[in-house]
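Let's take a walk through a protein chain, going from the big picture down to single residues. Keep the 3D view open and turn it as you read.

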Amino acid sequence: DKRVLPELKGTIRKVQGDCFTILDRHPELRGKVRALYVQNLEHFFNPQQHQRFVRLIDELLAEGGRAFLTAHSINTAFAHKGNPVYD
């Protein structure tokens, strides 16, 4: 991708496919991801899938890692205190 700084090209890995099978396909990523960018995915999940996705993010991220979750709209059911997405 032309938008990636040359010094970062070797550190970025694009992984496509079913997110729920990512650790089956790439077990080496467990606890190693320093930054995770997800766009326009979560609003398709039912509440059970959403909780499964939150646990998956926790399994993927390295200590101090960050997840960037974006969407063109937010499901307001998740936008309240006490919900793991809100917190």
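How much of the chain is made up of buried residues? Of the 87 residues in the chain, 24% are buried. Keep in mind that this is a predicted model.

## The overall layout

Start by picking out the main pieces: there are two helices and two strands. If you follow the chain from the N terminus, the elements come in the order α-β-α-β.

Now look at who touches whom. Among contacts with a separation of 6 or more, 63% are between residues 24 or more positions apart. As for the outside, the accessible surface of the chain is about 6,900 Å², and carbon and sulfur atoms account for 53% of that.

## Helix 2 and its two sides

Helix 2 covers residues 47–60. Here's a quick check you can follow: with 14 residues at 1.5 Å a residue, helix 2 should span 20 Å, and its end C-alpha atoms are indeed 20 Å apart, so the two agree.

Which residues of helix 2 are buried? They are His-50, Phe-53, Leu-56, Ile-57 and Leu-60. These residues sit on the same side of helix 2, because they cover an arc of only 115° around the axis. The general idea is handy here: an α-helix has 3.6 residues a turn, so residues three or four places apart point the same way.

What do the buried residues of helix 2 pack against? Their partners are helix 1, strand 1 and strand 2. Turn to the other side of helix 2 and you'll find Pro-47, Gln-48 and Asp-58, which are exposed.

## A cluster of rings

Next, find the aromatic rings. The chain has two aromatic pairs. In one of them, Phe-20 and Phe-45 are tilted, with 5.3 Å centre to centre and 45° between the planes. This pair links distant parts of the chain, 25 residues apart: Phe-20 is in the segment before helix 1 (22–25), while Phe-45 is in the loop between strand 1 (33–39) and helix 2.

Are Phe-20 and Phe-45 buried or exposed? Both Phe-20 and Phe-45 are buried. Together with Phe-53, they form one aromatic cluster, and Phe-53 is also one of the buried residues of helix 2. Phe-20 has a charged companion too: the charged end of Arg-52 sits over the ring of Phe-20, 4.2 Å from its centre.

## A histidine in a loop

Now move to the loop between helix 1 and strand 1, where you'll find His-26. Why does His-26 count as buried? Its relative accessibility is 19%, and the cut-off for buried is under 20%, so His-26 just fits the label. Leaving aside neighbours within four places in sequence, His-26 is in contact with Arg-13 and Val-15.

## Two residues in the strands

Gln-39 is part of strand 1. With 42% relative accessibility, Gln-39 counts as partly exposed. Follow the chain from there to Ala-71 and you cover 32 residues in sequence, yet in space Gln-39 and Ala-71 are 5.5 Å apart, C-alpha to C-alpha.

Strand 2 (61–70) is home to Ala-67. Its relative accessibility is 30%, so Ala-67 counts as partly exposed as well. Ala-67 and Val-38 are 29 residues apart in sequence, with their C-alpha atoms 7.7 Å apart in space.

Which residues does Ala-67 touch, not counting those up to four places away in sequence? Ala-67 touches Leu-36, Ile-57 and Leu-61. You've met Ile-57 already, as one of the buried residues of helix 2.

Conventions:
Residues numbered from 1 in each chain as written. Predicted model: local features only at pLDDT ≥ 70, side-chain atom pairs only at ≥ 80, totals over all residues. Heavy atoms only, no water. Phe/Tyr/Trp six-rings, centres within 6.5 Å; stacked < 30°, edge-to-face > 60°. Helix = DSSP H or I, 4+ residues; strand = E, 2+ residues; numbered from the N terminus. Buried < 20%, exposed > 50% of the residue type's maximum accessible area, 1.4 Å probe, protein only. Lys NZ or Arg CZ within 6 Å of the ring centre and 35° of its normal. Contact = heavy atoms within 4.5 Å. Areas by Shrake-Rupley, 256 points an atom, 1.4 Å probe, with all protein chains shown as cover. Expected span 1.5 Å × (residues − 1). Arc of directions from axis to C-beta.
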